[in-house]
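Q: Could you take a close look at one part of this structure for a reader who is new to it, beginning with its cysteines and going on to whatever helps to place them? Please explain each term where it first appears.

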Amino acid sequence: MIAEIARRIDIGPLRRDASLLDRQRRPQTRHGFYVLLLLPALLLLVALLATPAVYIVWLSFQKSTLGQEPAFVGLANYGALIADSAFWRAVWNTFAVVNVIVYGELAFGLAVAVLLRRVEIGRKLIIAAIIAPYAITESSGIVMWRFMMEPDVGIASRLLDGLGLVLPWDSEPWAGLALACLIAIWHHMPFTFLILYAALLSVPKETQEAAAIDGATAWQRFWRVEVPIIMPAILVAILFRYIFAIRLFGEVWLLTRGGPARLTEVLAIYLYRETFQYRNFGLASAAGVCMLLLSLLIALPYLYRMAKEVRRGA
Amino acid sequence: MVHDARLSTRVLRAAGILAVLTWSLAPILLVVTSAFKEPRQIFEVPFRVFFIPTAENFETLARLNPEFFSGLRNSLIVTVFTVLLTLCASFGAGYVYARTKETAYKVSAVFMLVVRMLPPIVVTVPLFPVVNWLALNDSHLILILLYAAFYVSLGAWMMRSFVAQIPIELEEAAAIDGATLWQVLRLVVLPLAAQGLVALTLFVVVFAWNEYVFAMIFTMNNARTAPVVIGEMLSTAEGVQWGAVFAAATIQLVPVVLIVLALQRFLIAGLTAGAVKS
């Protein structure tokens with residue numbers, strides 16, 4: 001009301017009064033409004049992600065399958081999990097594949113970022129081309145790579161044959177996983193690249209120049225000056241890619257289905273098979289809890305940093 | 001001498017760029033061009049660079065896999081509504097996070113981050129029976145809700161950093177002029193945060209249009225999306241119909257690649273706001 005009058009008659013001092021009054025009145029009215037604004041997001045998260053995540057912990061202590069009353073069995077599911085060689089195979093495969101993907105992407109993405117930094121002509125177009133794979137669905141990506149890597153007839157497999165390199169991805173487990181890594185790197189390198197590229201561009205020119213005056217070679221300037229400066233970005237890229245690479249599913253599933261003989265299964269595929277093919281909810285839940293803990297463990301430094309930032313009110 | 005060194009680094013750099021471009025684009029271009037080849041030319045040796053384009057593969061696709069086109073329609077529906085839901089929920093939450101200092105809000109902001117770190121496949125185990133029981137299986141709704149749930153945290157944090165850049169004085173001025181909270185949000189904050197909304201839209205479109213695991217698990221026929229249909233076309237017992245698969249992959253990737261190329265600067269803005277901000 002006062003605000004309305006102040007607007008109409010447009011008097012400076014009265015305006016300030018109005019804003020003061022408004023500020024005093026704010027707390028009660030605002031909190032209700034804020035909660036209302038937060039509600040949709042929180043509802044989605046609690047109903048679809050947080051509750052299932054808690055429920056799966058409970059489920060992992062039950063003997064359960066679809067359409068059957070769960071019964072408490074203590075740690076039996078975890079015991080069965082530890083005794084399952086397919087699980088350990090999946091753990092090992094995931095470990096190997098995730099590390100190859102994350103560090104392969106890091107090295108490749110960093111190289112591309114450095115390469116592109118000094119390019120002036122057509123930079124926008126080149127970046128557009130580099131991020132194109134990021135826009136493609138896993139299944140289309142698999143279509144492309146399977147076409148190129150089709151034994152004997154694919155253009156890339158013929159090329160490799162010519163070089164004396166054979167990647168028998170349809171029969172050898174290691175080769176199937178190697179191709180899955182290659183595709184995952186192809187697919188997600190744009191993410192790593194963009195983060196590192198943005199960080200490299202934000203390195204002040206002066207530090208470079210100062211190092212150059214001090215007689216540092218380009219190689220030294222890069223490793224001793226720039227890499228330490230962009231280290232936070234590198235760590236963020238590694239962390240995020242770890243968290244997302246653990247979820248790897250489509251690349252392996254569409255190439256090998258986890259076969260032959262479950263030898264190329266990664267954790268996500270193990271979980272999928274135990275749940276939806278063998279209907280072994282207890283075992284799958286125990287494996288799910290392991291994945292959950294692993295992901296949160298990796299995410300811990302990031303979450304810790306963000307929590308600190310939030311507490312500071314940044 | 002110096003000039004020579006420069007020239008050689010330049011040549012090296014150009015070669016490097018060319019190699020990267022080949023790596024990124026060759027798989028895409030090969031499949032898109034092959035989609036327009038006659039089936040018998042697809043695996044021809046030597047590789048055929050020039051050919052007369054034909055729509056034969058697209059006709060085969062329409063004849064053999066009509067479900068691909070309903071898959072496209074499902075993908076479109078799911079993507080559009082996921083974007084709408086994610087934008088609304090993220091904008092509201094992001095605004096609150098940018099403008100509050102109380103502990104409860106901060107806790108919920110961190111909660112969002114924690115939840116985002118959960119691997120999606122894990123939540124499918126407990127969700128599947130519930131979704132079945134609610135008869136939401138094979139519906140667009142379940143995919144929309146799940147996709148929004150996984151992207152609303154990123155969205156809220158992105159919007160938080162975009163809203164934080166808007167001077168609070170603008171809101172106060174509008175409030176003095178008699179605008180309600182709702183009007184301030186809609187008429188002052190929303191337009192100024194538009195860039196963030198576009199960046200977020202881009203992320204959600206790419207994700208929802210391409211998502212594979214949830215769609216494979218939670219849909220059968222009615223809501224089956226295009227990526228799932230393509231996945232199925234790759235695993236037929238009679239051997240892969242490469243021509244039809246190429247046609248499908250081409251149709252599926254064109255819209256989203258175009259959007260990403262057109263809005264790529266927002267992609268970088270979103271990444272820097274969402275991930276490397278510190």
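A: A:C181 has a relative accessible area of 6% and therefore counts as buried, where buried means under 20% relative accessible area, exposed over 50% and partly exposed in between, found with a 1.4 Å probe and with protein chains only as cover. B:C88, by contrast, is exposed at 58%, and over all chains the structure holds zero disulfides, a disulfide being a pair of cysteine sulfur atoms within 2.5 Å. This is a predicted model, in which local features need pLDDT of at least 70 and side-chain atom pairs count only at pLDDT 80 or more, while totals for chains, interfaces and linings use all residues. Residues are numbered from 1 along each chain as its sequence is written, chains are lettered from A and ligands numbered from 1 in the order in which they are written, and side-chain values use heavy atoms, with hydrogens and water left out.

In chain A, helix α8 covers residues 173-201; helices here are DSSP runs of H or I with at least four residues, numbered from the N terminus. Of the 29 residues of α8(A), 24 are buried, so that this helix is mostly covered. Its end C-alpha atoms lie 41 Å apart, which agrees with the 42 Å that its 29 residues should span, the expected span being 1.5 Å times one less than the number of residues. Even so, α8(A) has a kink of about 45° at A:H188, shortly before the proline A:P190, the bend being the angle between axes fitted to the seven residues ending at a residue and the seven starting there.

A second kinked helix is found in chain B, where α12(B) bends by about 35° at B:V254, shortly before the proline B:P255. This helix, residues 242-262, reaches 30 Å from its first C-alpha to its last, close to the 30 Å expected for its 21 residues.

Charged pairs add to the picture, for a search of the whole structure finds eight salt bridges over all chains, each being a side-chain nitrogen of Lys or Arg within 4 Å of a carboxyl oxygen of Asp or Glu. One of them joins A:R117 and A:E226, N to O, at 2.3 Å. Because A:R117 lies in helix α4 (residues 85-117) and A:E226 in helix α10 (residues 218-245) of chain A, this pair ties together parts that are 109 residues apart in sequence. A:R117 is buried at 13% relative accessible area, and A:E226 is buried too, at 2%. In chain B, a salt bridge links B:E232 with B:R224, their closest N and O atoms being 2.5 Å apart; B:E232 is partly exposed at 33%, whereas B:R224 is buried at 15%. Another pair in this chain, B:E38 and B:R40, meets at 3.0 Å, N to O, with B:E38 partly exposed at 25% and B:R40 exposed at 61%.

Back in chain A, A:R262, A:E265, A:R273 and A:E274 are linked in a network of salt bridges. As for the backbone of this chain, the peptide bond from A:G259 to A:P260 is cis, with omega near -5°, and A:P260 lies in the loop between α11 (250-256) and α12 (267-277). A:R279, which lies in the loop between α12 and α13 (281-312), has a positive phi near 55° although it is a residue other than glycine.

Technical notes
Helix = DSSP H or I, 4+ residues; strand = E, 2+ residues; numbered from the N terminus.
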